[in-house]
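Please look through the structure below before reading on. The paragraphs after it go from a database record to single residues, and then to a pair of helices.

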Amino acid sequence: MTTDRSTLVDGARRIVVKVGSSSLTTAAGGIDPARVRQLVEVLAAARGAGAEVVLVSSGAIAAGLAPLGLTKRPRGLAAQQAAASVGQGLLAHRYQEEFARHGIVTGQVLLTVDDVTRRAHYRNAHQTFAKLLELGVVPIVNENDTVATSEIRFGDNDRLAALVAHLVHADLLVLLSDVDGLYDGPPSRPGARLVPVVRSEEDLAAVTVGSAGSAGVGTGGMTTKVEAARIATGAGIDVLLTSAEQAAAALAGAEVGTHFEATGKRRPTRLLWLAHATSGQGTLSLDSGAVRAVVERRASLLAAGVTAVDGAFVAGDAVDLLDPDGAVVGRGLVNFDADELPALLGRSTSELKVALGAAYEREVIHRDDLVLL
Ligand SMILES: Nc1ncnc2c1ncn2[C@@H]1O[C@H](COP(=O)(O)OP(=O)(O)O)[C@@H](O)[C@H]1O
Ligand SMILES: N[C@@H](CCC(=O)OP(=O)(O)O)C(=O)O
């Protein structure tokens, strides 16, 4: 049964709100202080009503354009990183001042994929959010654009927001865009209709999802929002998608935008990151026995079942697991460097212990560090 909106919103104790660049910028592309102010008023009201709020805000690159004399988002990664470096401080400052008007302290959290997939870093991120919220701070999150390389980049804050929602155990994820919800086709197309509720994949089958509109500051368009909604709902978190203009109404429980209903159960957070926020830094090819062990018995991967190694990874990196036909069956955090592995392949752990010492007795990937894809 569909939860009515006011029950959904009133029942949400912890809310992650994501706002896109297109909802924060002027037509010329710079940050619009009036739009930031309006958003902060809505979030301060949600806080006043008793919810804890985490804001995932895009806009660093957009905020950095004008100071650098640029009129549109640059194409190259280095130029985007430079713009983000200039813009992130300005953006954080804008928020800090606006929240301070409501007596609310903000904290900046810049995340990279690495920060949240490696065990120690992930625990650290989790603890930082917990402490900030305990202290009554509104964390303002963005990708750490200036240091992320293209290989380890989320690239879009929609998925980042879904993963943060899971990391902080949010009850509700609100995605704010320049469009007031999911339409059954690109909203510029005549006759496109708003989809008020998405309950399952079947409801998405009839929807044509396109990329960003003409303004040119957004990144992923509707594709990354639907993907973010899939990640969050699959992890047990309800999602509301609407426009920044309708944020106040949405957070007051009005029937605006699109509600993606939570479907799945919570999964261990780190594995969600591993499945959705990383790509493998290399591959391990498995023989059919190892595929069965890993996929059917959920066992750890041992060197005996690995037939080939590809890529330049180091211990702790994510690698993709391939079946004998080359299809990706899983992803895991590997316990050895790529150049250590060839000498171990096909050998049993007891044999490795005798030949190379106890340090080589360990699994290639422990089952707790492995997700099936
Ligand atoms: N089926 C759809 N429903 C709604 N919007 C869509 C759809 N397909 C494509 N879009 C486009 O996606 C855009 C939102 O993406 P984007 O500009 O990246 O937003 P943001 O900056 O908020 O992340 C909308 O303005 C719209 O033009
Ligand atoms: N991290 C980048 C934004 C990436 C992004 O997802 O942008 P958007 O599609 O506007 O939400 C920035 O702050 O400019």
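**Recorded positions and a helix pair**

Under "binding site", an unreviewed UniProt entry lists Lys-18, Ser-177, Asp-178, Thr-219, Gly-220, Gly-221, Met-222, Thr-223, Thr-224 and Lys-225, and such annotations may be inferred rather than shown by experiment. The model is predicted, so that local features need pLDDT of at least 70 and side-chain atom pairs count only at pLDDT 80 or more, while totals for chains, interfaces and linings use all residues. Residues are numbered from 1 along each chain as its sequence is written, and chains are lettered from A and ligands numbered from 1 in the order in which they are written.

Asp-178, one of the listed positions, sits in the loop between strand E5 (172–177) and strand E6 (197–198), where strands are DSSP runs of at least two residues and helices runs of at least four, numbered from the N terminus. Because Asp-178 has 19 C-beta neighbours inside 10 Å, it counts as partly exposed, whereas Thr-224, in helix H9 (residues 221–234), has 25 and therefore counts as buried (20 or more is buried, 12 or fewer exposed, and in between partly exposed, with C-beta atoms placed from the backbone). Leaving aside neighbours within four places in sequence, Thr-224 is in contact (C-beta atoms within 7 Å) with Asp-156, Asp-158 and Arg-159.

Elsewhere, the axes of helix H2 (residues 33–48) and helix H4 (residues 77–100), which are lines fitted to C-alpha atoms over the stretch in contact, come within 9 Å and cross at roughly 50°. H2 and H4 are therefore oblique to each other, a word for angles that are not under 35 degrees, over 145, or 65 to 115.

Note on methods: Axes fitted to C-alpha atoms, helices over the stretch in contact; angles between N-to-C directions. Contact = placed C-beta atoms within 7 Å.
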